[in-house]
Amino acid sequence: MSKICHDLCAIKGVVFDVDGVLSPSTIPLDTDGLPRRMVNIKDGYALQLAAKCGIKMAIISGADSPGVRERFEGLGIRDVYMKAGQKLPVLRGWLEANGLEAGEVAYVGDDIPDYECMREVGLPVAPHDAAVDIRRVARYISPCDGGYGVARDLLEEILKAQGHWLNAAKAFGW
């Protein structure tokens, strides 16, 4: 039985914000003033397994970072949208391009730029430390703070519900 009160078998796609979701909200700057993001290895494992199991995934971020694109494309996420000043049109385009209905998608966001997208999808998800307005619109609030296992928490529940967690040879490797 899942801790998420939603029909997770109906989820065919998951969209993630980056800063505050897949990386912590606090981002150190390097000596050139460029942001240096941390990533969670357990999130990475779940992301690559979900991609192998046929879950369509996307990254929609307002940031512009070649390192972010490289990291998530390397895990099998082919749709990485950077510099998304307005995220809702990007989400809608991604849904159409992938033949998905909004109700079949989870969106994980942590702050106001994610608000419209979270209201659009079937399963809006927030990290534990998300902004108050985002927690209010979320149907599931992860016990994990952003950057500390939010993707793993959600994807593990989806993959378990769909019979992919610890059930296939592809689950035991990278």
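Which residue with a positive phi follows H1? The close-ups below, taken from a predicted model, start with that helix and answer this along the way.

**View 1. Helix H1 from end to end.** Welcome to H1, which covers residues 41–52 and has 12 residues. From first C-alpha to last, H1 reaches 17 Å, close to the 16 Å expected at 1.5 Å a residue. Look at the start of the helix for a side-chain oxygen of Asn-40, which comes to within 2.9 Å of the backbone nitrogen of Lys-42. Beyond the helix you will meet the residue we asked about: Gly-54 follows H1, and its phi is positive, near 90°.

**View 2. The buried residues of H1 and their neighbours.** Here we stay with H1 and turn to its packing. A run of its residues is buried: Asp-43, Gly-44, Tyr-45, Ala-46, Leu-47, Gln-48, Leu-49 and Ala-50. Two strands, S1 (13–16) and S2 (56–60), pack against the buried residues of H1. Two helices do so as well, namely H2 (66–74) and H6 (150–161).

**View 3. Strand S4, covered on both faces.** Strand S4 spans residues 105–108. On one side sit Val-105 and Tyr-107, on the other Ala-106 and Val-108, and all of these are buried. Follow S4 to S1 and you will find the two running parallel, joined by 4 bridges; Val-14 has Ala-106 of S4 as its bridge partner. S4 also pairs in the parallel sense with S5 (residues 123–126), this time over 3 bridges. Ala-106 appears again here, with Leu-123 of S5 as its bridge partner.

**View 4. A right-handed β-α-β unit.** Keep S4 and S5 in sight and add helix H4, residues 115–120. Together, S4, H4 and S5 make a right-handed β-α-β unit. While you are in this part of the chain, have a look at Cys-117: it counts as buried because its relative accessibility is 0%.

**View 5. Cysteines without a disulfide.** A search of the whole structure finds 0 disulfides. Cys-9, for one, is in no disulfide, and the nearest cysteine sulfur, which belongs to Cys-53, is 13 Å away.

**View 6. Leu-34 in its loop.** The last stop is the loop between S1 and H1, where Leu-34 is found. Leaving aside residues up to four places away in sequence, Leu-34 touches Pro-28 and Leu-29. Ile-141 makes a handy landmark for scale: Leu-34 and Ile-141 are 107 residues apart in sequence and, C-alpha to C-alpha, 30 Å apart in space.

Methods:
Residues numbered from 1 in each chain as written. Predicted model: local features only at pLDDT ≥ 70, side-chain atom pairs only at ≥ 80, totals over all residues. Heavy atoms only, no water. Disulfide = S-S within 2.5 Å. Buried < 20%, exposed > 50% of the residue type's maximum accessible area, 1.4 Å probe, protein only. Expected span 1.5 Å × (residues − 1). Contact = heavy atoms within 4.5 Å. Polar contact = N/O pair within 3.5 Å; in protein donor to acceptor, adjacent residues only side chain to side chain. Pairing = 2+ DSSP bridges. Right-handed = clockwise from strand over helix to strand, strands pointing away.
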